[in-house]
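Hi everyone, thanks for having me. Please bring up the model on your screens, and let's walk through a few parts of it together.

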Amino acid sequence: MKLLIVDDEPAIRLLVKKYADFEGYESEEAADGMEAVIKCRQSAYDIIIMDVMMPELDGFSAVKEIRKFSDVPVIMLSARGEEYDKIHGFELGIDDYVTKPFSGKELMMRIAAVLARSAKGKAEVQREVYEHEGLMVDFTAHSVSIAGKKVEMTPKEYELLFYFIRNKGIALTREKLLSEIWGYDFYGDDRTLDTHIKLLRKSLGDYRDCIVTLRGVGYRFEE
């Protein structure tokens, strides 16, 4: 795990680095917020330990800049323990707030806890993506793109396509599609399905033939 220790006091950086090294972390240092932002643009870190009061660019401003391009976990360090500062930090997206003076051992425990939460969160939001040649369907982001260009669809088109892909190669009856997409209590015209299939095929462009019509049965998605 790689840490970035940001503080204008060399003694604080040395203290944190000493404990980090003991715990087996790899660490780098920055003396102010500006240097921290530059380092974060150049390298990837697993967590940042960021002081609040610093020259050039304070910790809060540095976090605000870093959040524009990275969601790396951040633990703030501050001699000020006012509730306003803590709330402001959490609103910016920090993960923990430690008031100076602090215990090096406690800080390491907080780092371990934040890293564990971060790892769990990343595992839970692992993207589910389907790709076939130039067609990419991102179930997690609820988006579809063809040859790298995003395709705008209606909510029902998304639902139909997602259901087709998750059941690719399976013959789906009209009744099954209507009940799964529109609900078991759907009493509309069967042409509702045909209309949406037509719209979906139009949206899929060169991949329209992936949706195969099964006469007298329904439809099937084929690659």
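I'll talk about two sheets, a pair of helices and one serine. Before we start, please keep in mind that this is a predicted model.

Let's begin with the parallel sheet. It is an open sheet of 5 strands, in the order E2-E1-E3-E4-E5, with parallel pairing. At the edges sit strand E2 (26-30) and strand E5 (96-99), and each of them pairs on one side only. Neighbouring strands here are turned against each other by 20° on average, if we ignore direction.

Now look at strand E3, residues 47-51. How many of its residues are buried? The answer is 5 of 5, so to speak a strand that is mostly covered. In general, side chains in a regular strand alternate between the two faces of the sheet. You can follow that here: Ile-47, Ile-49 and Asp-51 point one way from E3, while Ile-48 and Met-50 point the other way, and all are buried.

Which strands does E3 pair with? With strand E1 (residues 2-6), the pairing is parallel, over 4 bridges. Val-6 has Met-50 as its bridge partner in E3. Val-6 also has a bridge partner in E2, namely Ala-30, and E1 and E2 are joined by 5 bridges and run parallel. With strand E4 (residues 74-78), E3 shares 4 bridges, again running parallel. There, Ile-48 has Val-74 as its bridge partner in E4. To get from E3 to E4, the chain passes through helix H3 (residues 59-66), and this β-α-β crossover is right-handed.

Next, the antiparallel sheet. This one is an open sheet of 3 strands, ordered E10-E12-E11, with antiparallel pairing. Its edge strands are E10 and strand E11 (211-214), each pairing on one side only. Between E10 and E12 there are 2 bridges, and these strands run antiparallel. One pair to find on your screen is Thr-173 with its bridge partner in E12, Gly-218. Helix H8 packs on this sheet, touching E11 and E12, and its direction makes about 150° with that of E11.

That brings us to helix H7, residues 174-182. Which of its residues are buried? They are Leu-177, Leu-178, Ser-179, Ile-181 and Trp-182. Here is a general point to help: an α-helix has 3.6 residues a turn, so residues three or four places apart point the same way. The cover over the buried residues of H7 includes helix H6 (155-166), strand E10 (172-173), helix H8 (191-204) and strand E12 (218-221). Just after H7, Gly-183 takes a positive phi of about 105°.

How do H7 and H8 sit against each other? They pack at an angle of about 80°, with their axes 10 Å apart. An angle from 65 to 115 degrees counts as roughly perpendicular, so H7 is roughly perpendicular to H8. On the H7 side, Arg-174, Leu-177, Leu-178 and Trp-182 meet Thr-192, Leu-193, Asp-194 and His-196 of H8. The residues of this contact divide into 4 nonpolar, 2 polar and 2 charged.

Last stop: Ser-143, which is found in strand E8 (residues 143-146). Is Ser-143 buried or exposed? Its relative accessible area is 16%, and buried means under 20%, so Ser-143 is buried. Leaving out residues up to four places away in sequence, Ser-143 touches Met-136, Val-137, Asp-138, Lys-150, Tyr-158 and Phe-162.

Thanks for listening!

Key: Residues are numbered from 1 along each chain as its sequence is written. This is a predicted model: local features need pLDDT of at least 70, side-chain atom pairs count only at pLDDT 80 or more; totals for chains, interfaces and linings use all residues. Side-chain values use heavy atoms; hydrogens and water are left out. Buried means under 20% relative accessible area, exposed over 50%, partly exposed in between (1.4 Å probe, protein chains only). Contact means heavy atoms within 4.5 Å. Two strands pair if DSSP finds at least two bridges between them. A crossover is right-handed if, with the strands pointing away from the viewer, the path from the first strand over the helix to the second runs clockwise. Axes are lines fitted to C-alpha atoms, for helices over the stretch in contact, and angles run from 0 to 180 degrees between N-to-C directions. Angles under 35 degrees count as roughly parallel, over 145 as roughly antiparallel, 65 to 115 as roughly perpendicular and the rest as oblique. Ala, Val, Leu, Ile, Met, Phe, Trp, Tyr, Cys and Pro count as nonpolar, Asp, Glu, Lys and Arg as charged, and the others, Gly among them, as polar.
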